[in-house]
Number of protein chains: 2
Amino acid sequence: MTNSHTNSLQLRIGIVGLGNAGSALLPSIAKHPNVRVTAASGRNKERLEKFARDYQAEYHLSVEDLCRSEQVDAVYIASPTELHVKHVQIATHYKKHIIVEKPLAVSVEEADMLIQAADRAGIHLIVGHSFSFEPPIRKIREIINEGTLGNVKMINNWYFNDWMYRFRTPEELDTALGGGVTYRQGSHQFDIIRYIGGGMLRSVRAMTGRWDESRPTEGAHAAFLEFENGTVATAVYNGYDHFLTTELTFGIGEGGPSKRAQGYAASRKAIQQLKNSDEERELKSQKGYGGNQSKNYSEEKHHQPFFGLTVVSCERGDIRQSPNGLYVYGENEKYEIQLPNETGRDVMVAELYEAVVHGKPPIHDGRWGKANLEVCQAVLESARERKEIYLSHQVAVDSSERKVSK
Amino acid sequence: MTNSHTNSLQLRIGIVGLGNAGSALLPSIAKHPNVRVTAASGRNKERLEKFARDYQAEYHLSVEDLCRSEQVDAVYIASPTELHVKHVQIATHYKKHIIVEKPLAVSVEEADMLIQAADRAGIHLIVGHSFSFEPPIRKIREIINEGTLGNVKMINNWYFNDWMYRFRTPEELDTALGGGVTYRQGSHQFDIIRYIGGGMLRSVRAMTGRWDESRPTEGAHAAFLEFENGTVATAVYNGYDHFLTTELTFGIGEGGPSKRAQGYAASRKAIQQLKNSDEERELKSQKGYGGNQSKNYSEEKHHQPFFGLTVVSCERGDIRQSPNGLYVYGENEKYEIQLPNETGRDVMVAELYEAVVHGKPPIHDGRWGKANLEVCQAVLESARERKEIYLSHQVAVDSSERKVSK
């Protein structure tokens, strides 16, 4: 950002891609007193025009034009995964700070290239939104750090949902392009685990499952993850829309109350009615800004989101989420902590602002995102090779402890 | 058993050890029309005399005397784990059929020796009671075999309870003597997983936790288990009495409704009040036959027992336990199956009877028990070495598929 903006402490954001993710950031930007949305780019001119009117903002039909704009200090890259490399390169070229939607890239080499480009350009690169921005996950780590429960020893997460049968673009169902649950959802699940456990994973042993030929990508996985300090985690995911972990999490999922109200296996049954992937892509695009299926993120009642069921075991107690906070099972009592009405995207916008304006190193920087990506790839590799995979790109949560693993 | 008994189809059982396990078998023996209890041995003469009056049975102060009795065709060895080897050897010497409480032994070498002794003596050796005798677990495998849900791909179990703080003998808290949750409870948890997955595990990657210095044995573990056919399982156990999985299983545990009604962490708090391990051993012994804390197993209301929370994923559906049966999550509907009012110990008595009287090979024979033991040991070894351990003593559930692994 320019010096004049540093002085007035204002940060102006341009959004690349007004789909589901891009739209979801708008309320968090609006809530931050010193951050504004000033531009967007995309392919659908009609929706861009609506956005420009709604926000008195610019719109551009190319990412290059958006990044060239003097009204933009930072960009939120919410384009499809396969375009992240290109779009991050454009943004670094114009020295815009960046939040790029996870995953940063589909290979560690590409991630490295982008991290180095950001470093050379002297800009901040944040990868998100991922689930460790969410208040319940942050609070779990805070309780662990406080120390009463002793060291964290075991982190277990199960997430059973309908991921495979939500409306998908073909890319989201193509592993080579970063599709499937291991890339798309592992980047949340392993991020949660790494955040709670301190970041430095040592190895991964895993299985992945492709159980529906009509959607030929990973729809399930199970992983055993060991940290360098001996803490372990298990991560189980099943996106085939049978049992749902919302049955165990007060009916609350990632975005609030469960959809099971629509009937058993409603997502899978809806997909089976579609004629082809173009129809599915079009339905998904209706969830974007101005689409007829778009959510009004500003008006949505807030719940603490559940990325499935997580139980964290320390030496002297366990922690899991309550409907709007946490249950702490200590030595002598079980008690509940209520959490404030804040979202993970609010935290992400603040992390960018603090980095750009006050020079505070962000946790979720490119190296953190690369470390998550490494875990996703190790899960795929361990499943393929049927053996344990050792990691070499891990970083610690606490930047004061940051070092490359091994 | 003698020919005269084969003709009349009657099987007479002597019980070695009238503790908790020994007493728990009595109602199952009573329910079987062709099985009777005719003798018991133990150390507490007063209780043995009470037993002899109650059941019009013999009693003996040594296992040797019990096994020498002509009124006994088979023995149920429910003595402490460290005495199993000696007691199985005595029983095989006198050619009595055997049910030995799990674990069969504490080393694979000892297990082999006992299996060979039983083979040479021409008697049946069954290891149990373990949890795969229980109707919900058997029914899960039956549904999988039926085929509608496709192949079983992923088996996940969590069990969080108060195991470490129930009344324990010193042996139960000494890993070298087969104590701790990995031996004592792993022999249920891995047994469930092996039974549902078909038996033939390939490898184990695991962590074990000793988090309370005052009870220095394994109180927690997490394991990733892969079958030869690629099916995987995760097994998570935490016996430190904080979070309890009964919160997720309708308040039902192994033996019926949860004890949390007694207040948070009641087990741990009770243990902290004890003066020494002698007091604890004495309290535990009161749970045995005729003790002032003994359960009346015959009058206990039956619930399908929950060994924690198990979710089984097949290609086209998931299965988990309902309060008195199973929930099946199929392609188009979720439905419940009610199970009959039968216990795992009933099934175990029937398995022995069918083996002895009708020559039907038991599933839970010595080789099955040895394979479970191998998994317990592999979990301990994987945790120590921080690497994947490959197995070589696994056997299939279906005896027609039985072969030694690899």
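In what order do the six strands of the open sheet of chain B run? The views below come from a predicted model, in which local features need pLDDT of at least 70, side-chain atom pairs count only at pLDDT 80 or more, and totals for chains, interfaces and linings use all residues. Residues are numbered from 1 along each chain as its sequence is written, chains are lettered from A in the order in which they are written, and side-chain values use heavy atoms, without hydrogens and water.

**View 1. Open sheet of chain B.** The six strands follow the order 3-2-1-4-5-6 with parallel pairing (strands are DSSP E runs of at least two residues, numbered from the N terminus; two strands pair if DSSP finds at least two bridges between them). Strand 3 (58-60) and strand 6 (125-127) of chain B are the edge strands, each pairing on one side only.

**View 2. Strands 1 and 4 of chain B.** Strand 1 (residues 11-16) and strand 4 (residues 74-77) of chain B run parallel and are joined by four bridges. Ile13(B) has Ala74(B) of strand 4 as its bridge partner.

**View 3. Relation of the two chains.** Chain B is superposed on chain A by a rotation of 180° with 0.0 Å of shift along its axis (RMSD 0.0 Å); the fit is by least squares on C-alpha atoms of residues with pLDDT of at least 70 in both copies. The two copies are thus related as by a two-fold rotation axis. Of the interface residues of chain B, 100% are also interface residues in chain A, so the copies meet through the same surface (contact means heavy atoms within 4.5 Å).
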